[in-house]
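User: Please take me through this model by saying, for each label that you attach to it, which value supports the label and which cut-off it has to meet.

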Amino acid sequence: MATSQLTASSVTASTRNLASLQGLRLSTVKFSSFGTLKPGALTSRSFKALVVKAATVVAPKYTSVKPLGDRVLVKIKETEEKTEGGILLPTTAQSKPQGGEVVAVGEGKTIGNTKLESSVKTGAQVIYSKYAGTEVEFSGANHLLLKEDDIVGLLETDDIKDLKPLNDRVFIKVSEAEEKTAGGLLLTEASKEKPSIGTVIAVGPGTLDEEGNLKPLLVSPGNTVLYSKYAGNDFKGNDGGNYIALRASDVMAVLS
C-alpha cells in the first residue's frame, strides 16, 4: 500500500494545488497534521492551512577527505552575517564566500612526461572561482573540493588588492564607470555601463605547454588592457575600488 509522508514547514499548499493531489492514485495519503486520510476525504477546507516541508539538502558528512590528482581541499571562510555597521544580514543577502584555507592537496598532475606538484600548499589562504568545486561537510565545517586550476590566487591579507594570481590569471583594477552621458546627464547606478578596461595589478607565472614548460603571460603589471565584458570574478577592495581576476585568454588588447 503506497503511503506519502508530508510534514509541517515552509511551503504552503493552497486550494489551487488540490486538483493535482486529487489526481494521484494513492491508496492512502498520510499527513502529520491530520493523521491518515482515505481517498475522497480530501477537501479544499483540508488544505487551507496545510504547510509542506521541502527537505533541506545537506552535504554528506565525512571524517576525512583525501584529494586525488590536482584537486585541493579548502576549508571555506565563514560568511559575514552582519554589515560593518552591525546590521544583521538575512541569509539571502549574505554574499557567498570565495576564499578559504587549503587543508589538503592531491599528489599533483602529469603533463607529457613531466610530473608536477601542486602549486598551493597546506595552510595557504586562497581565493577561488565563484561556482567552482563540490561542497562537502565534515569536522563541523564546510569545505570545497576543487581543481587547482579553479584557484584564482593567494591572499595573505584581508584586502583583495593584495591578491597574488596563480597560473594564467591576471588581476586588474577596473576603470571607474562613466558618471555622466556625453550630453552631461547624470547616470544612475543601474544605467552605468559595466567597464571592460582596467590596469593590470598582478599576473600569474604563466601557462604550461604540452611538455610541461612554463610560458610567461603577454601582459605585465601596469598595462592598461581591454578584456571580455563578462569574464572573470569581480571583487570589491577595502579602498572602495573594483577589481577583477580573469584568465589571460580573456584579455583582448593592451591599450596605450
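## Pairs, bridges and cores

Analyst: Pro165 in β15 is the bridge partner of Gly153, and, since everything that follows rests on computed values, it should be said at once that the model is predicted.

User: How do you know that β14 and strand β15 (residues 164–165) pair, and in which sense do they run?

Analyst: Two strands count as paired when DSSP finds at least two bridges between them. β14 and β15 are joined by 2 bridges, so under the requirement of at least two they pair, and they run antiparallel. β14 also pairs with β11 in the antiparallel sense, over 3 bridges, and there Ile127 stands opposite Gly153.

User: What makes Asp149 and Arg247 a salt bridge?

Analyst: The criterion asks for a side-chain nitrogen of Lys or Arg within 4 Å of a carboxyl oxygen of Asp or Glu. For Asp149 and Arg247 the N to O distance is 2.8 Å, so the pair meets the 4 Å limit and is called a salt bridge. The structure holds 7 salt bridges. Asp149 lies in the loop between β13 (141–147) and β14 (151–154), whereas Arg247 belongs to strand β22 (residues 242–247), so the contact ties together parts that are 98 residues apart in sequence.

User: Why is Asp149 called partly exposed, and what of Arg247?

Analyst: Partly exposed is the range between buried, under 20% relative accessible area, and exposed, over 50%. Asp149 has 31% relative accessibility and therefore counts as partly exposed. Arg247, with a relative accessible area of 25%, is likewise partly exposed.

User: Which labels do Lys164 and Glu156 get, and what makes them a salt bridge?

Analyst: Their side chains meet at 3.9 Å, N to O, which is within 4 Å, and therefore the pair qualifies as a salt bridge. Glu156 has a relative accessible area of 65%, which is over 50%, so Glu156 is exposed. Lys164, at 46%, falls in the range between the two cut-offs, so Lys164 is partly exposed.

User: How do you know that Lys173 forms a salt bridge with Asp239?

Analyst: The closest N and O atoms of Lys173 and Asp239 are 3.8 Å apart, and because this distance is within 4 Å, the pair is a salt bridge. This pair links distant parts of the chain, with Lys173 in strand β16 (residues 169–174) and Asp239 in the loop between β21 (233–236) and β22, 66 residues apart. Lys173 is partly exposed at 33% relative accessibility, and Asp239 is partly exposed with a relative accessible area of 44%. Salt bridges that share partners also join Asp149, Asp168, Arg169 and Arg247 into one network.

User: What makes β21 and β23 (251–255) edge strands?

Analyst: The open sheet to which they belong has 6 strands in the order β21-β22-β16-β17-β20-β23, with antiparallel pairing. β21 and β23 each pair on one side only, and these are the edge strands. Neighbouring strands of the sheet are turned by 40 degrees against each other on average, when direction is ignored. Inside the sheet, β16 and β22 pair in the antiparallel sense over 5 bridges, and Lys173, already met in a salt bridge, stands opposite Tyr243 in β22.

User: Why is a group of residues called a nonpolar core, and which residues touch the most other members of the largest?

Analyst: The name applies because the members are buried residues of nonpolar kinds, among them Val, Leu and Ile, joined through side-chain atoms within 4.5 Å. The largest such core has 13 residues, of which Val72, Val74, Val126, Leu146 and Ile151 touch the most other members. β7 (71–76), β11 (125–128) and β13 each supply at least two of its residues, and β7 gives the most, with 3 residues. Beyond its neighbours within four places in sequence, Leu146 is in contact with residues including Val72, Val74, Tyr128 and Ile151. A second, separate core of 12 residues includes Val170, Val219, Val225 and Ile244.

User: What makes the phi of Asn167 worth a remark?

Analyst: Most residues other than glycine have a negative phi. Asn167, which lies in the loop between β15 and β16, has a positive phi near 50 degrees although the residue is not glycine.

Definitions and conventions. Residues are numbered from 1 along each chain as its sequence is written. This is a predicted model: local features need pLDDT of at least 70, side-chain atom pairs count only at pLDDT 80 or more; totals for chains, interfaces and linings use all residues. Side-chain values use heavy atoms; hydrogens and water are left out. Helices (H or I, at least four residues) and strands (E, at least two) are DSSP runs, numbered from the N terminus. Buried means under 20% relative accessible area, exposed over 50%, partly exposed in between (1.4 Å probe, protein chains only). Axes are lines fitted to C-alpha atoms, for helices over the stretch in contact, and angles run from 0 to 180 degrees between N-to-C directions. Contact means heavy atoms within 4.5 Å.
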